[in-house]
Each structure stands twice: as structure tokens, then as C-alpha cells.
Amino acid sequence: MRFWLYLKIFYFLYLIIRVKIKNFFVLVYKKTGTTTLHQIALNSGLKSTHSCDWDTNDTKIGLYDFFCDGGSHYNNKWNRLWKLYIKYPNSKFIINIRDIRTWIISKLKYAGWNENTIIIPDNELIIHNEWTQKTKINIKLFIIHYLDRYTKILKYFLNKQNKGYIVDVVSGRTKNLKLLLKKNISNKNHANKGKEVNLSNEILTFIDNEIDINKNKYEKLKSLLKLYNY
């Protein structure tokens, strides 16, 4: 009987502690300046992790204050990042965004694409660990996922802007980051690899066409962004 009583007391104390936890979760994607955000957090005296495994490892939540990186590649592989709002109600959420064209260029380069990349035929069976495949369907799926996921998150936090804060560290729009961390910061050390274009003209044209094909979704996303103060 005492064992169950102690267990209940321990669980009650755990819930109290969890409610008091105030973490900073960086939502969304790799290649949006998460390395820079990680360094800013460290410089601000926070315990920061620049990794993805915390998304599926609850034990890590108690070890850090600031959580960078993470995010899925395709719409059929949604992770639970945005659901952390419910689990950790006292936390703050940094919705890190970046211009879609420079983001996709940086992402492809990170996956090993360059001006000499040989495109392989599209594979109808796309699985999550094949995101580095040099297929045009991957580019399509990345762009769709970017637009769908950002739209979903922005809609979710639209009436919760005291919890979800837009930051565009790549372009230097870090007003909300300064507000959250209560510190003057600079992104002068951010390396915008999306500007260093070393992809073939064929791929760059394909990227622009795919963005144009999805222009309605993109316009809706930009309309949502205008409702945020950043």
C-alpha cells in the first residue's frame, strides 16, 4: 500500500514540476538557421541541444532548456513537435521560418546535390530515410511539406501568439528572439548557404516552377505571416 501511495505522491510532484518547466522549442525544419539559433541560446546561458532525437526521447526534455532542429521531410511523416504545446503548457515555441527558395536550395545541398548531380527516375515509394535521393519527386514533396506544415503551425498558434513566436534568423528578423531571451543578439555569424547556388539550371528552374505551381498555398502562408508580429 505504501508503495502505491509513494508512487502517487511522486507522480503528483512530477506534474507540478512539469507545469513549472519553461523550455524553448524551435519548431519546424533543418536548414532554417537552427545552428545559429543553437549558438545564440548557448551564448544566452541556456542549455541547448542541436539534435533531433529529443523529439522522440522524453528523458532529454529535462536535460535542456532550448531545443533546436528536428522536423520531418514529408507530409506522411508528421512528428509531434507542435503537440508539445499541450504537454508543456509553460513553454515557448519559436516558429523559425525562412524564404522557401533559399531553404530548398540549402536543403538539397545538405542532401548532397550539386551542379553535377545526376537525377534518377522518380520512385513512387518514398520513405523517410530516402530524403537524400536525387529525384525530382523529393523536391516536390519538400516544397509541399514546407507549405503545409508551416500553414498548419501558423493557424494553430494564431490565437496563441503569447506562446508561438515567429523568427527568421536567416534574414535577421530576430526581434522576438531578443524578447524571449531578454538579450541583444546578432545573427552576423549565420552562413546563408542558400545564397551560394551551385545547383544546375535544370534544377533551379524546376524549383521555381514547383513554387509557382503551389503559389496559392504560398500566398495563403504569406497572408498568415502578416497576422504575426515579427
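Start by selecting D148: with a relative accessibility of 23%, this residue counts as partly exposed. Keep in mind as you go that you're looking at a predicted model.

Now bring up K217 alongside D148. The two form a salt bridge, and their closest N and O atoms sit 2.9 Å apart. Colour the helices and you'll see that this pair links distant parts of the chain: K217 belongs to helix α8 (residues 215–225) and D148 to helix α5, 69 residues apart. Like its partner, K217 is partly exposed, at 34% relative accessibility.

Stay on helix α8 and pick E219 and K222. Their side chains meet in another salt bridge, 3.0 Å from N to O. Here the partners are neighbours on one helix: they are 3 residues apart in α8, so about one helical turn separates them. Check the surface and you'll find E219 partly exposed, with a relative accessible area of 42%, while K222 is partly exposed at 32%.

Next, go to K136. Which residue does K136 form a salt bridge with? Select E202: the closest N and O atoms of this pair are 3.0 Å apart. K136 lies in helix α5 (residues 136–157) and E202 in helix α7 (residues 201–213), so the salt bridge ties together parts that are 66 residues apart in sequence. K136 has a relative accessible area of 23%, which makes it partly exposed. E202 is partly exposed too, at 47% relative accessibility.

That's the end of the route, but there's more to look for: the structure holds 5 salt bridges, including the K136–E202 pair you just visited.

Key. Residues numbered from 1 in each chain as written. Predicted model: local features only at pLDDT ≥ 70, side-chain atom pairs only at ≥ 80, totals over all residues. Heavy atoms only, no water. Salt bridge = Lys/Arg side-chain N within 4 Å of Asp/Glu carboxyl O. Helix = DSSP H or I, 4+ residues; strand = E, 2+ residues; numbered from the N terminus. Buried < 20%, exposed > 50% of the residue type's maximum accessible area, 1.4 Å probe, protein only.
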